[in-house]
Amino acid sequence: MKFLNIATVVGATSVAHLREAADSLQLDMVFDKTVSHNNFNQTLFMFKGQGDSFKTIDGQNVYVIAPDAQFNVEYTNRHEGVKEIIHAHGMIAGGYDGVPYISGLPLEYLDTQRYTYPVLEENRRSGEYWLHSHWHIVDGMTIPIIIENDKKYPSNFPKEVADNLNDAQESQFFIEDFCPYLSDDGPGSNPTCCNEIVMKGLQEMYYGQKVKPTYPSFEEPATNENNCDVEHVDPADSGDVGFEALLVNGKDATAPQTVKVNSRFLRVRLTNAAAQSNFKITFGGLPATLVAVDGQWVEPVDITKSGWWAAVAQRLTVLIDTKDMKDDTVFIARNEATGVDSMQGGVVVTKADAPATRSFSLIGEEVGYMTNENEKKLHAIQPLSVKEPDVEFRLNVTGDNGFQSLNGWQWFPPNAMHDTPFVPNPNPMRVHYNDRVEITIFNNNPDGHPIHLHQHTFQVVAVNGERLENGALRDTIYVEGGCQSVTIAFDAVNPASTALLHCHLGFHQEAGMFSTVQYVAEEKSL
């Protein structure tokens, strides 16, 4: 068994190191990612590295873990004046989950912490996960993680699809939104894409008025709720924060990444690492088969004509057949929007011997808004056992833009915007070890919310009260706005630390759209 050592360092010059005892593998996170947009450059945080496990695929840095590799983590902060803590999204991390003051302290300058990720069943499933900051929200400090499957598949996975995946060329489609602005003020509120301007504006306009030193519900309720007892339901709106550009593998639509095809099949691993944007992805009419979501196998779904939606923090694995590809083909992501004016980006796929294409035409048709209809089409390959729930919870999405957002309450662990003393969540969802837990998230907002659960993989068991025969396994589920609901189920078998459940829209996290799953002891007499 290999033992990997990941050292994460946050800083302006050297932020993370990853070392393997055999070959001194090193992964650095640096303030060195230059993005060109509208005739100016913006520098963001990024991961860099060298060694056998650090790869660059289609212009995107990727960390690849062998199926049998346990890895140790060493976090060291080398950025003076800045705190940092890193979360391995979708991984079952045991005691260290990268959540400030819950599973670890944010690292001050030159602080170091080591951690070994346990070898658990959830961590050994092949698929794509990702590292991201849980202290900052729009800083580019992200990288995908691939756990290889060693050409082994569940016994009920279709053999023909498995054979084609084994022959497929790896391809990356890593989405980030870039250059935030206040929607009410337009792009002019952030003319140079400096994130701090938007953060300061939000803090003054929203957070300064609505966030108080303690976190119970406010005296004055927010108003962005539908009355779900009547027929009228407000449509989704564009939210409080917009973005000027969509980056795919670090490039916008004016100079997209080119993918050179050397094999008939492509295995496209897509991560929506955006802060605030959901996307519909299409694959240029090439035969496309969805085979996994959030790193978990599903029964294959043909998405050639329909494309597929990815909410913030969700991942897709798609098998593409390029046999009949004659000309350049664009894989394109479009941000949900009304009308045809959606944010778009993608990659240009071309034969290996073809010249590089420098741009592509945007799609001039309405993309609309993400719904939960796709979720009903997914069926898990490795579902949970059939069991009645031991405990059930209902979370009502209330409030506006993340405020007073879950059952009329708001709470958050400290972060870069609100570096305040830690206050425990006064309203956790309490479970016992080995409980089958069901949580129904009922969304009375017009806006949809991608909800992420830490430390557990859950199964989607109902949409709008309709029980699913065998829903997908996930770690992030989209809950459509306008009085829609989703029910998830999981086994409470990872009690190493309190598990966060939160909206993954970055600015909603800043507003306090969090809850927690807390393990409690059985009541027994001594």
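The legends below accompany an overall view and several close-up views of a predicted model.

**Figure 1. Overall view of the predicted chain, with its secondary structure and its burial.** The chain holds 526 residues, of which 61% are buried, and its secondary structure comes to 4 helices and 33 strands. When contacts between residues at least 6 apart in sequence are considered, 74% of them join residues at least 24 apart. The area that the chain exposes is about 20,900 Å², and carbon and sulfur atoms supply 47% of that area.

**Figure 2. Close-up of an open sheet built from 5 strands.** The strands follow one another in the order 5-6-11-10-8, and the pairing among them is mixed. Strand 5, which covers residues 54–57, and strand 8, which covers residues 86–89, are the edge strands, each of them pairing on one side only. From one strand to the next, the twist averages 30 degrees. At the edge formed by strand 8, the partner is strand 10 (residues 127–133), to which strand 8 is joined by 4 bridges in an antiparallel arrangement. Histidine 89 can be used to find this pairing in the view, since its bridge partner in strand 10 is tryptophan 130.

**Figure 3. Close-up of strand 31 and the two strands shown pairing with it.** Strand 31 spans residues 484–491 and is mostly covered, with 7 of its 8 residues buried. Strand 25, made of residues 436–443, runs antiparallel to strand 31 and is joined to it by 8 bridges; within this pairing, arginine 436 has aspartate 491 as its bridge partner. Strand 27, made of residues 458–463, also pairs with strand 31 in the antiparallel sense, here over 4 bridges, and in this case glutamine 459 is matched with alanine 489.

**Figure 4. Close-up of serine 485 and its surroundings in strand 31.** Serine 485 has a relative accessible area of 8%, and because this is under the 20% cut-off, the residue counts as buried. Once neighbours within four places in sequence are left aside, serine 485 is in contact with Thr440, Ile441 and Phe442, with Ala462, Val463, Asn464 and Gly465, and with Val479. One of these contacts, Phe442, also takes part in another arrangement, in which arginine 394 lies over the face of phenylalanine 442, at 4.5 Å from the ring centre.

**Figure 5. Close-up of the stacked rings of tyrosine 153 and phenylalanine 157.** A search of the whole structure finds 6 aromatic pairs. Tyrosine 153 and phenylalanine 157 form a stacked pair, with 5.4 Å from centre to centre and 15 degrees between the planes. Tyrosine 153 is buried at a relative accessible area of 17%, and phenylalanine 157 is likewise buried, with a value of 5%. Ring pairs link these two residues and Trp297 into a cluster.

**Figure 6. Close-up of the edge-to-face pair of tryptophan 411 and phenylalanine 514.** The ring centres of tryptophan 411 and phenylalanine 514 are 6.2 Å apart and their planes stand at 90 degrees, so the pair is classed as edge-to-face. This pair links distant parts of the chain, as tryptophan 411 belongs to the loop between strand 23 (391–397) and strand 24 (429–431), whereas phenylalanine 514 is in strand 33 (residues 514–519), 103 residues apart. Both tryptophan 411 and phenylalanine 514 are buried.

**Figure 7. Close-up of two loop residues with positive phi, tyrosine 101 and asparagine 464.** Most residues other than glycine have a negative phi. Tyrosine 101, although it is not a glycine, has a positive phi of about 70 degrees, and its place is in the loop between strand 8 and strand 9 (112–116). With a relative accessibility of 30%, tyrosine 101 counts as partly exposed. Asparagine 464, also a residue other than glycine, has a positive phi near 55 degrees and lies in the loop between strand 27 and strand 28 (466–467). Its relative accessibility is 37%, so asparagine 464 counts as partly exposed, and it is among the residues in contact with serine 485.

Methods. Residues numbered from 1 in each chain as written. Predicted model: local features only at pLDDT ≥ 70, side-chain atom pairs only at ≥ 80, totals over all residues. Heavy atoms only, no water. Pairing = 2+ DSSP bridges. Axes fitted to C-alpha atoms, helices over the stretch in contact; angles between N-to-C directions. Buried < 20%, exposed > 50% of the residue type's maximum accessible area, 1.4 Å probe, protein only. Phe/Tyr/Trp six-rings, centres within 6.5 Å; stacked < 30°, edge-to-face > 60°. Lys NZ or Arg CZ within 6 Å of the ring centre and 35° of its normal. Contact = heavy atoms within 4.5 Å. Areas by Shrake-Rupley, 256 points an atom, 1.4 Å probe, with all protein chains shown as cover.
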